[in-house]
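Hello! Here are a few notes to read alongside the model, in numbered points. Please keep the viewer open as you go through them.

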Amino acid sequence: MSGGRAGVYAGKLCWAPMVRAGELPSRLLALQHGCDLVWSPEIVDKKILQTERRVVAGTPTIVEYVVPATLRGKGRQGPGECVFRTAPSLEAESRGLVFQLGSCDAELAVRAALHVVKDVSGIDLNAGCPKHFSVHSGMGAALLSTPDLLCEILEALVQRVGRPHDIPISVKIRLLPEQSATLLLVERLCKTTGISNLTVHCRTRDTRNSAPPDRSYVRQLHEVCQRHGVSLVLNGGIRSRGDYEQVCRDELQLDPTRDLGGMIAESAERNPTVFRRAGPLPWTTYVPQYIREATARGNHLGNTKYMLGRMVPGKSRFYRLFTACKTAESVEKVARELEQASEDPPESSKRPRR
Ligand code: FNR
């Protein structure tokens, strides 16, 4: 079977799906700094299906999916909790937001995708997360061991969401321990499901993110995908746009603007400007920009502080100052101090030279 759009994400450098790190302000900042396409954090089918869509009062550009007050929540999720936010009418986010689903059930996956479809430009299935909360219920990387189910979910998404709404359906996988098994799985996914894109995190389920990625047979994976008109997005250990282009050209002998796409997670979490063609900016420049975005979009304080913990170097005094903040106003105050400090020459350079 063929279907979907051939090569839909080829040539694009993407913000990876990241729980906590992939909220609206960081996605917008990355898009402003040269990122071509952003992924939402993984959201589980049942969780998004509990929510109601609403446009945030006074901010016509922000759409929220919120657990209604009438529902009793489980764990951290409760009535009033915002599960997903986007700004579909903002120029940046409208360029492309792929919604990543966690699912192990075709019917729930289709219903969840239909719930958000009008606010997103693509739906992706997570078949790579190795964390216990995903795999214990058969989601994420567990789907790599149940290929019939994986294909059934993707086929249902393609036929009942992708085609009627004309949006790409994609999947994100990890490498299997054996090269031949990975190639067979990718062949099957590309040939039978109708997906438009396959993202491969070039590590196995048991490999830690700190280990180097295995790109030894990316060219073969690319050949399989290309044969079926499916674009391949490369993920794992890419540090910046420059690094991505170098990996493609020197290591893989592939054209980064045409043959495949790239996806960056941890490096982009620390520095959302790694997508810039002119090279990443220093943290003293993008941290105040991030805080302006977080304030403008009404980001949850806990999430803003989490991101600042990732972006600000631990040895800077600003790390401690941000950590101590209890309100959004205090975060903005420290941001102004940071901007002031970045504009002023350091004290030492003001002293006359002897
Ligand atoms: C992730 N990753 C991830 N993957 C996914 O498919 N869905 C998700 O929601 C998440 N969440 C997530 C959160 C955080 C904080 C990190 C660091 C990572 C995995 C991520 O998308 C990517 O596949 C790996 O991090 C490998 O890419 P890098 O970090 O080597 O560029």
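**Notes on the strands, a helix and the ligand shell**

1. A good place to begin is Trp15, which stands opposite Ile264 in β12. Please keep in mind throughout that this is a predicted model. The strand β1, residues 13-15, runs parallel to β12, and three bridges join the two.

2. β12 also pairs with β11, the strand made of residues 231-235. The sense is again parallel, with three bridges. If you would like one pair to look up, take Leu234, whose bridge partner in β12 is Gly262.

3. Are the faces of β12 covered or open? Both faces of this strand, residues 261-264, are covered. Gly261 and Met263 are buried on one side, and Gly262 and Ile264 are buried on the other. Two of these residues have already come up: Ile264 as the residue opposite Trp15, and Gly262 as the partner of Leu234.

4. Now to the ligand. How many residues surround the ligand? There are 24, and the closest are Ala16, Pro17, Glu42, Ala265 and Glu266. By type, the shell divides into ten nonpolar, nine polar and five charged residues. Helix α10, which covers residues 266-270, gives the most to this shell, with three residues.

5. Elsewhere there is an open sheet of three strands, in the order β4-β5-β6, with antiparallel pairing. β4 (52-55) and β6 (82-86) are the edge strands, and each of them pairs on one side only. From one strand to the next, the twist averages 20°.

6. Within that sheet, the pairing of β5 (residues 63-66) with β6 is antiparallel and runs over four bridges. One pair to check in the viewer is Tyr65 and its bridge partner in β6, Phe84.

7. Helix α11, residues 283-296, allows a simple check of length. Its 14 residues should span 20 Å at 1.5 Å a residue, and the end C-alpha atoms are 20 Å apart, so the two values agree.

8. Which residues of α11 are buried? They are Trp283, Tyr286, Val287, Tyr290, Ile291, Glu293 and Ala294. Looking down the axis of α11, you will find these buried residues within an arc of 160°, and they therefore line one face of the helix. Glu293 may be worth a look in your viewer, as a charged residue on the buried list.

Terms used:
Residues are numbered from 1 along each chain as its sequence is written. This is a predicted model: local features need pLDDT of at least 70, side-chain atom pairs count only at pLDDT 80 or more; totals for chains, interfaces and linings use all residues. A residue is near a molecule or strand if its C-beta atom, placed from the backbone, lies within 6 Å of it. Two strands pair if DSSP finds at least two bridges between them. Axes are lines fitted to C-alpha atoms, for helices over the stretch in contact, and angles run from 0 to 180 degrees between N-to-C directions. The expected span of a helix is 1.5 Å times one less than its number of residues. A residue is buried if 20 or more other C-beta atoms lie within 10 Å of its own, exposed if 12 or fewer, and partly exposed in between; C-beta atoms are placed from the backbone. The arc is that of the directions from the helix axis to the C-beta atoms.
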